[in-house]
Amino acid sequence: MKEIKVLDKGFVRLVETMGGDEGVVQAARVSYAGTSKGDEKDKKLIAYLLKHQHLTPFEHALFKFHVKCPIFVARQWFRHRFAAYNEISFRYTQTAEDFYFPEAWRAQDFKNKQGSVRSEELDHAALSKEFKAAVAQSFKVYEAMIKAGVAREMARMVLPVNLYTEFYWTVNARSLMNFLSLRADGHAQAEIQRFAEALSAHFAACAPWTYEAFLANVWKGSNARLDAQKEKACAPLSS
Ligand SMILES: Cc1cc2nc3c(=O)[nH]c(=O)nc-3n(C[C@H](O)[C@H](O)[C@H](O)COP(=O)(O)OP(=O)(O)OC[C@H]3O[C@@H](n4cnc5c(N)ncnc54)[C@H](O)[C@@H]3O)c2cc1C
């Protein structure tokens, strides 16, 4: 599993990974000059470390992702400072007509001021039509400005934040768990939740013991997918 599609045109692609569960165990056991003690004990150690917030060993498991997401999602993503970022530049390159169009519009949630709710009342088709026309008009002006000789760095000002961007994101497991706790949770915007779910799938595949221990000991959010996985991770083993 290398690339996971997200939203209409986005993705989270795992470029490379280093360390994994083994890297966490190695880092933890160096304290007393030890190494692996076998799968069962190593798995228990990972759960113990997370439960008791001995978090530095998780900084030795690294993930490099290539992400394509709308700019408004990237703005939220880039607030997470403990990671390395390199993003495509629309000063160097002229962007293609590559915008995110939501499948449905959500209404403003009046209980949670920053939230949104599904709505049957909104006229989804009419809103989408108007929205697409506005985006197309913006892109038309962008292209016309470039053609007229305006610099890419200025012409881009007319583009809306549903434009897709791409970046490389290298993050350690500790910081990734913080990201997932905040961004897979139901309080985060729905679009970034979908990206967090894709990250969680890569995480589960690359460091399964750490991911399981994260769900059992750290994850306190609400997300249908992660909650179901947590239930499985915490279920007593049937004999
Ligand atoms: C639902 C939601 C709503 C949000 N709303 C807003 C908003 O309205 N406005 C807004 O500006 N932001 C908002 N944010 C962004 C939020 O405040 C954080 O900037 C973002 O989630 C990154 O989290 P972080 O600082 O834990 O991550 P990182 O930057 O990756 O930091 C990881 C951890 O390192 C430690 N750390 C990092 N830097 C410092 C520091 N300078 N001093 C001490 N400890 C540090 C902290 O323990 C931190 O948790 C929102 C986030 C979420 C999830």
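Strand 3 (residues 62-70) is largely enclosed by the rest of the structure, because seven of its nine residues are buried. The model described here is a predicted one, and strand 3 offers a convenient entry to its sheet pairings. On one side of the pairing pattern, strand 3 is joined to strand 2 (residues 10-18) through seven bridges, the two strands running antiparallel; within this pair, Phe-11 stands opposite Lys-68 of strand 3. Strand 3 is also joined to strand 7 (residues 164-172), again in the antiparallel sense, through nine bridges, and here the bridge partner of His-66 is Tyr-168 in strand 7.

Strand 2 has a further pairing, with strand 1 (residues 3-6), which is antiparallel and extends over four bridges; Val-6 stands opposite Gly-10 of strand 2 in this arrangement. Strand 1 and strand 2 form a hairpin with three residues between the strands, and Leu-7 lies in the loop that links them. The backbone of Leu-7 takes a positive phi of about 55° although the residue is not a glycine. Leu-7 is nevertheless buried, with 21 other C-beta atoms within 10 Å, a count that meets the threshold of 20 or more for a buried residue. A positive phi near 55° is likewise found at Gln-53, which is also a residue other than glycine and is placed in the loop between helix 2 (39-51) and strand 3. Gln-53, however, counts as exposed, because it has 8 C-beta neighbours inside 10 Å and the limit for an exposed residue is 12 or fewer.

The protein as a whole contains nine helices and seven strands, and its C-alpha atoms fill a box of roughly 65 × 45 × 30 Å along the principal axes. Of the 239 residues, 30% are buried. Among contacts with a sequence separation of 6 or more, 71% link residues that are 24 or more positions apart. The largest nonpolar core comprises 48 residues, and those with the most contacts inside it are Leu-176, Phe-195 and Leu-199. Helix 7 (residues 190-206) supplies the largest share of this core, namely seven residues. In soluble globular proteins, nonpolar side chains tend to be buried together. When residues up to four places away in sequence are set aside, Phe-195 touches Val-6, Val-12, Cys-69 and Val-73.

The domain assignment divides the protein into domain 1, made up of residues 3-87 and 166-234, and domain 2, covering residues 106-158. The centres of domain 1 and domain 2, taken over C-alpha atoms, are separated by 32 Å. Helix 4 (residues 124-147) contains Ser-128, which counts as partly exposed because it has 15 C-beta neighbours inside 10 Å. Ser-128 and Trp-105 are 23 residues apart in sequence, and their C-alpha atoms are 8.2 Å apart in space.

The surroundings of the ligand were also examined. The ligand is surrounded by Arg-79, His-80, Arg-81 and Phe-82, together with Ser-175, Asn-178, Leu-182, Arg-183, His-187 and Ala-188. By residue class, this shell divides into three nonpolar, four polar and three charged residues.

Methods: Residues numbered from 1 in each chain as written. Predicted model: local features only at pLDDT ≥ 70, side-chain atom pairs only at ≥ 80, totals over all residues. Near = placed C-beta within 6 Å. Nonpolar A, V, L, I, M, F, W, Y, C, P; charged D, E, K, R; others polar. Domains from an automatic or database assignment. Core = buried A, V, L, I, M, F, W, Y, C linked by C-beta atoms within 7 Å. Contact = placed C-beta atoms within 7 Å. Pairing = 2+ DSSP bridges.
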